[in-house]
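Thank you all for coming. Before I begin, please bring the sequence and the model up in front of you, and then we can walk through them together.

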Amino acid sequence: MQKIIVSTDENLRELTKHHTFVMPIACYKSVISNDNSNHIYGYVPLHWHEEIQFVSVLQGEGIFQVNEEYIELKEGDGLFINSGRLHMSKSNTSCTFICLNVSPHYILSQELYNIYVKPYIEATNLPYILINTDELWGKNILNAIYQIYQYIDQKPQKYEVDISIKLTFIWRNLIASGFQLQFIESEELKNNRVKGMLSWIHQYYMEKITLADIARAGQLSKSECCRYFKMSPLNYVIDYRIKKSLYLLQRSDFSVTEVAYQVGFNSTSYYISKFKEIMRTTPLAYQKKILNNGPSN
């Protein structure tokens with residue numbers, strides 16, 4: 001199984017270009033699990049992109065984070081993630097899902113984009129929409145996503161035209177679901193500040209970090225900073241350090257102690273303790289398993 005690396009710039013913006021040969025669109029199947037993932041970290045790290053994203057879970061259960069919220073999805077569930085929103089995904093067991101990423105400007109003509117797409121992209125109360133498969137609009141969207149996946153996989157004659165039709169159909173069903181749109185400037189400011197704090201953490205995670213440092217990156221007081229995070233900001237730092245250590249543990253030339261210090265821990269025992277708490281195994285056991293199986297299994 002080919003391993004996928006989601007690479008980002010210093011602002012957590014994904015660098016991957018989502019497109020086929022002629023269209024600004026990507027539709028692919030992802031597998032996330034502790035044992036057999038096609039993502040190199042065993043999860044999809046926090047990132048954002050200009051494209052909108054639709055998720056359709058085919059098998060298992062996954063946890064999807066959008067901004068500060070966590071959404072649990074199981075087989076048959078779907079999710080719309082709006083443009084520019086921070087998101088990541090993981091699974092405590094295993095999750096297979098289809099991702100459809102598409103440029104918002106490709107859905108409709110420019111004239112119709114300004115009326116029927118732009119207000120949804122800019123709405124601050126729609127970071128995501130849970131696709132309700134009990135409703136016809138939800139079923140229509142998930143069926144169309146799977147058909148687009150098949151078009152790209154099989155490439156029948158004039159499949160690009162069929163994809164374009166399906167994208168319009170998907171958007172028509174999404175906006176027919178009746179969501180009320182709002183734009184609150186303070187929410188947009190909050191979203192940008194969270195991006196700023198997280199990107200600062202991702203840039204300096206190897207160094208000593210205090211709550212005051214994180215708050216300063218978001219131009220907030222320490223108490224305001226804590227309110228912006230679902231978990232405590234410093235716990236987020238620990239969680240991120242553990243996730244960054246997974247990549248280093250896949251190298252045989254790094255010991256557990258060396259990995260611990262590389263990602264910002266000043267105590268090997270504390271690193272091992274936190275690793276076990278988050279990953280439910282020890283760093284050494286994880287490293288041996290990865291090295292024995294090989295990075296592509």
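Let me start with the contacts across the whole chain: of those in the protein chain between residues at least 6 apart in sequence, 70% join residues at least 24 apart, where contact means heavy atoms within 4.5 Å. I should say early that this is a predicted model, in which local features need pLDDT of at least 70 and side-chain atom pairs count only at pLDDT 80 or more, while totals for chains, interfaces and linings use all residues. Residues are numbered from 1 along each chain as its sequence is written, and side-chain values use heavy atoms, with hydrogens and water left out.

The protein chain has 11 helices and 8 strands, these being DSSP runs numbered from the N terminus, with helices (H or I) of at least four residues and strands (E) of at least two. Of its 297 residues, 48% are buried, and here buried means under 20% relative accessible area, exposed over 50%, and partly exposed in between, with a 1.4 Å probe and protein chains only.

Please turn now to tyrosine 128, which sits in strand β8 (residues 128-131). Its C-alpha atom is 7.0 Å from that of valine 66, although the two residues are 62 apart along the chain. Beyond its neighbours within four places in sequence, tyrosine 128 touches several residues, among them Ile71, Leu79 and Phe80. Its side chain also makes a polar contact of 3.1 Å with the side chain of glutamate 69, a polar contact being a pair of N or O atoms within 3.5 Å; within protein, one must be able to donate a hydrogen and the other to accept it, and residues adjacent in sequence count only if both atoms are side-chain atoms.

Next come two helices. Which residue of glycine 196 and serine 199 offers its backbone oxygen to the other's side chain? The backbone oxygen belongs to glycine 196, and it lies 2.9 Å from a polar atom of the serine 199 side chain. Serine 199 is in helix α5 (residues 185-204) and is buried, with a relative accessible area of 7%.

Helix α8 (residues 233-249) has 13 of its 17 residues buried, so it is largely enclosed by the rest of the structure.

By contrast, isoleucine 115, in helix α1 (residues 110-116), is exposed, with a relative accessible area of 52%.
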